[in-house]
Amino acid sequence: RKNKIKLLALNVNSIVSHHRRVNLLEILNKEAPHCMLLNETKLNPRHSLVFEKYRIERNDRESIHAGGGTAILIKNELDYERVELEKQLILNTIEQTTIKLKMKNRQNLFVMSIYARPRRGSEDSFISELEAIFTTLDLVNMNNFFIISGDLNAKHVDWKGTCNNFRGEQLRNWLLNEGALNKVKLLLPAEPTFDRGNSFIDVALIDERLRNNKDYMDTLPYEGDHKAVKMKISKIDDDFLEFAERVDQHKFNYAKTNWESFKVRLKKIYKELKQNSNLNEREPLVPTDRNLDNNSIDEHLETLNKLILQAIEEKVPKFKAQDSSACYIDTRVKQLQRHKSSILTKIKKINRTIHDNPFLNNEETRQKLGDLKAELKGTRLLIKQNIERNVNKYWKKKIESISKGESSRMFPDINRIFRKKQAVKIQDLKISDDLGREISSVDISNVLRDEQNNCVITNHIEKLETLGTVFEKVHKRTRGINHTRLQEIVEQRTSELKAKIETESAEGVTITQFCNRNRADKPNLIGEKKLFIGYKSLREIFRATNNKKSSGVDDIPNAVLRNLPDEIIREYCTIFNNLINNMHYPNAWKISKTIPIVKAKKDATSPQNYRPISLLPNISKVFEKIINEAILNFCEEKDLLSDNQFGFRKQHATTHAINKLVSDTLWQFQNNKVTGACLIDLEKAFDSVWLDGLLYKLDKYKFPTYLIKILYRMIYNRKFIVSDGRNTSNTTFEVPDGLQQGTINSPVLFSLYISSLLQVEKLNCDGNNIVAFADDLLIYTSQKKIATTNQRLQEMFDFIQQYAYNWKISINVGKCETILFRRSLSKESRDIRKNWKEFGISMNGIQVRNVLAVNYLGVKLDNLLKFNEHVKTQLSKARGVFQGLKRMFFTKHLNKDVKVLAYIALIRPILLYACPIWFNISPLYMEKLRIFERKCLRICLNKFLRVQGNTKKTVSNKVVYNDSNIHRIDIQLIRQTRNHIKRACENQSNSLIFGPFYTCEEYFKNYCIQSGNVPPEAFIYLDREGYILNDAFVPIIYHIHRKTSDKSFRYNKQNCSLDDFRFNTDLSNRDIKILEKECKLYWWLTED
């Protein structure tokens, strides 16, 4: 309860500069208002404004014309709601930010910071817009109070002004005619607030049932050309304004946590709980000598959650908002501020004396006043200069403190300064009436509309409800479609399985019986009991979890789980083994917190363009890892996963999938065959998996019964809520079908779901092939004639379409693409030359889009497999990323070694992605990569010119590489390709990975190097025979002249002279040393 609410209003005329913010902070600290209303902030979305004791709501001007903008600073303890009038009204003259303070007795206090742009005559729509605001907010309602204050740019002599303007006359007439009806009165400042015009233009319109402590508003000095006005508002008929208090959820700073202290506190809480439960010190909290029922397990999980959350609340430091400009205030600035305050006091005292005794306004007084104002101006200038100097010192120190010696801190520090994470922001959503009717919280009869009559959703909660409804519809796509005989068989079998599972669960059927000889925390791992986990193994899983700070609905991040004391891990071991024993999965773990992220380069107003990111309880992922290990072991034992599935498997990568396609295609060129390929887009593949179909397949694969039961509990009846980080949907949405992304087991379960498709014989014989990376499907066939290629590819596509129909998988024909890989037409047969443009397939009469280049798993594959377009694309991406980080790379304060490491970690991987596939590029394109790298390194090292005598010369490339201490990009490409091949040969689990590297050398010798159709595995032969590096370790493949379209190796590698080389061949000392050392690591270089 408050006697009065204190407000300040100020036209700041820009708070972009730090010295203005410091002055604003000085006023806030001195006056401590409940709210401060700002206008003409001149901010844009890039500007961050933070105050420790205040939250900020702002409305920046969205216009090509700089300026404008309003904001309100609200004390942290006040509960309020943002009112987005700008989305409900078209305001051309008025700019505003409005909040609604929640009062007791169901009353509201609307507080508005207003700025009215100067307009002339009939252009001025101020009064009509003001009336629209009163109508929209229903301010005539007796339960609604209001305070509207700011720069109205309205002048009138009745308001102590020296003249009238059009708006002033209009506002005065409106107050006289409509003021009583709208229960509004005008509050004026005690003195002019705009000194240059001697004008009273910063005023307040307040509810007539409210009163200020004075008949006028006091003014406060400010650095700008306007003075602040101060109000202390109370009710006329009541001494108290009662507001609801805000309870904020804290954000925890896990990076600053003392984990040893956390463990000690958690152990103490744990021991206290055991004492309260009458358990001795050695006795566990969760019984280990008997089986637990599911309800007991859930209760113990909830108990452990509460213990951990209590320790987090007590021992993990909380993020504290810091005034964004406080760090620039040093002792000198404080001294100058005190001096400025004393000068202002003297000026105010003289002005008051002159006002009370006009005869004292003599030459001496005016001279003294003039001297004080000049001193004030000088002091303000000194404050500004000191703050600007402090800003530079602060950031210089901050940047210089980033050290490559602390690798665990280096990139977090870089991200904090140069790559700030953007908060989740959901734009206003445009939806159809049909979708609006499905959302209970949306009233389509009373909603905003756009020009196309779409519903516009502006409320934060309603936006989350809308996105949740859209996500839920994706999970319901399989319901009621494609009713086939297969579906009847599946439903009959799964109904039997479900009934059996439910019956056995009700009867309390378990895998084993825990007792003193077979304790739940240390079970006997024999036969089926191998699924259980021991304490030491579980401890390793906990300690190996990543250090991410995100958490699900339980609010426990991985950073906490990996630092749990051993006593708690042992309790979890008991619980997990009881879950396995009961074949149960807790319902609390089935609820995810879903964060909607807009897809890149998509319209953010369409809810279909948002991707759900599911955050599950992290403890559930620890349990899922145990189950996942059992699934993978069974799959390996029964060989259930096809070799041509490369996604989400150990020692499998996108490069291997691309290698398969490129290698097969180039080999078939030798046989005068072209390869027709189709990239198939499975629409919402994970989110729309038919769960009954998956359960049926697990049964057909003869998965152990206990594993099927656990998976059944795990994948069915999942739910989710939608959150943007600050707000959460009121509805809990269902997942009737689909594998929720974010779970540990989703990838392998999806692979099992489509595994039978990948193993179909007709898709893997007679030149036909199918390759998958998770849900990215690729089919291709190699034939001698276009007609045969079309026929085979169409048959493969039709088969997959029928398979997808039967198993309720949707194919998005609009995103499918076909491409014909061929040699140059001069080398092809007459049929190919004549009919290559006729290549193509269709789906249900719709032609699948045919292209000359496709993006497959991040590599741009052109139809001639020259890879020149891929290099151009990656160079463009790398330039974009480098440009986006130019503040980091160009700053002179950041350690040069740190900048070089940032280049290696953030830029070079883009350039070298999948380089073992496209290593055979021309010297010209490699030089483009080298030039870009050298430019980046010169910027990092600040090495452009060197002084030699009276002239300046460019620093040599060799010096740049020696100083940066990194390998030249072509040397790094060769090293990465060698390592890729070495690892592929060691991966004996998949013949499609290691097999291509054991091929006939005669083929490479007699065909590849002459034709230029060089598959990736030919690197071994080329490397051993000296086509890659010469004896001096110069990468001659990237220096001997070859045309960009010529991939052949016709040069004489033995007799290459310097005249044959293109571009600079200087290598750094580090390159030569590493190449000499690594020659012994690769079997093809050490064989006799």
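**Exercise 1. In what order do the six strands of the open sheet lie, and with what pairing?**

Solution. The model is a predicted one.
Step 1: the strand order in the open sheet is β5-β6-β7-β8-β10-β9, and the pairing is mixed.
Step 2: strands β5 (80–83) and β9 (184–187) form the edges, each pairing on one side only.
Step 3: from one strand to the next, the twist averages 20°.

**Exercise 2. Work out which strand pairs of this sheet run parallel and which antiparallel, using β7, β8, β9 and β10**.

Solution. Strands of a sheet pair through backbone hydrogen bonds, in a parallel or an antiparallel sense.
Step 1: β7 (residues 108–116) and β8 (residues 144–151) run parallel and are joined by eight bridges. N108 has N144 of β8 as its bridge partner.
Step 2: β8 and β10 run antiparallel, with five bridges between them. Here I148 has L205 of β10 as its bridge partner.
Step 3: β9 and β10 are also antiparallel, over four bridges. K185 is matched with I206 in β10.
Step 4: parallel β7 and β8 together with antiparallel β8 and β10 fit the description of the sheet as mixed.

**Exercise 3. Is strand β10 largely enclosed or open to the outside?**

Solution. The cut-off for a buried residue is under 20% relative accessible area. Six of the six residues of β10 (residues 202–207) are buried, so the strand is largely enclosed by the rest of the structure.

**Exercise 4. Check the length of helix α29 against the expected span, then assess its burial**.

Solution.
Step 1: helix α29 covers residues 969–986, which is 18 residues.
Step 2: the expected span is 1.5 Å times one less than the number of residues, and for α29 this should give 26 Å.
Step 3: the end C-alpha atoms of α29 are 26 Å apart, in agreement with the expected span.
Step 4: 13 of the 18 residues of α29 are buried, so the helix is largely enclosed by the rest of the structure.

**Exercise 5. Classify the ring pairs F648 with F773 and Y1027 with F1049**.

Solution. A pair of aromatic rings is described by the distance of the centres and the angle of the planes. Rings count as a pair if their centres lie within 6.5 Å, and the count by this rule comes to 31 aromatic pairs.
Step 1: for F648 and F773 the centres are 6.4 Å apart and the planes stand at 35°, so this pair is tilted.
Step 2: F648 sits in the loop between α15 (618–638) and α16 (654–670), and F773 in strand β22 (residues 768–773), so the pair ties together parts 125 residues apart in sequence.
Step 3: F648 counts as exposed at 53% relative accessibility, whereas F773 counts as buried at 16%.
Step 4: for Y1027 and F1049 the centres are 5.8 Å apart and the planes stand at 70°, so this pair is edge-to-face.
Step 5: Y1027 and F1049 both lie in the loop between α32 (1019–1024) and α33 (1069–1078), so the parts tied together are 22 residues apart in sequence.
Step 6: Y1027 is buried, with a relative accessible area of 8%, and F1049 counts as buried at 1% relative accessibility.

**Exercise 6. Which residues form one aromatic cluster?**

Solution. The cluster is formed by F542, Y572, F576, Y585, W589 and F623.

**Exercise 7. Describe the annotated region 578–841**.

Solution.
Step 1: an unreviewed UniProt entry annotates residues 578–841 as "domain: Reverse transcriptase".
Step 2: over residues 578–841 the chain is 39% helix and 20% strand.
Step 3: the end C-alpha atoms of this region are 54 Å apart.

Key: Residues are numbered from 1 along each chain as its sequence is written. This is a predicted model: local features need pLDDT of at least 70, side-chain atom pairs count only at pLDDT 80 or more; totals for chains, interfaces and linings use all residues. Side-chain values use heavy atoms; hydrogens and water are left out. Two strands pair if DSSP finds at least two bridges between them. Helices (H or I, at least four residues) and strands (E, at least two) are DSSP runs, numbered from the N terminus. Axes are lines fitted to C-alpha atoms, for helices over the stretch in contact, and angles run from 0 to 180 degrees between N-to-C directions. UniProt positions are given in the numbering used here, feature names are shortened, and annotations may be inferred rather than shown by experiment. Buried means under 20% relative accessible area, exposed over 50%, partly exposed in between (1.4 Å probe, protein chains only). Rings of Phe, Tyr and Trp (its six-membered ring) pair if their centres lie within 6.5 Å; planes under 30 degrees apart count as stacked, over 60 as edge-to-face and the rest as tilted.
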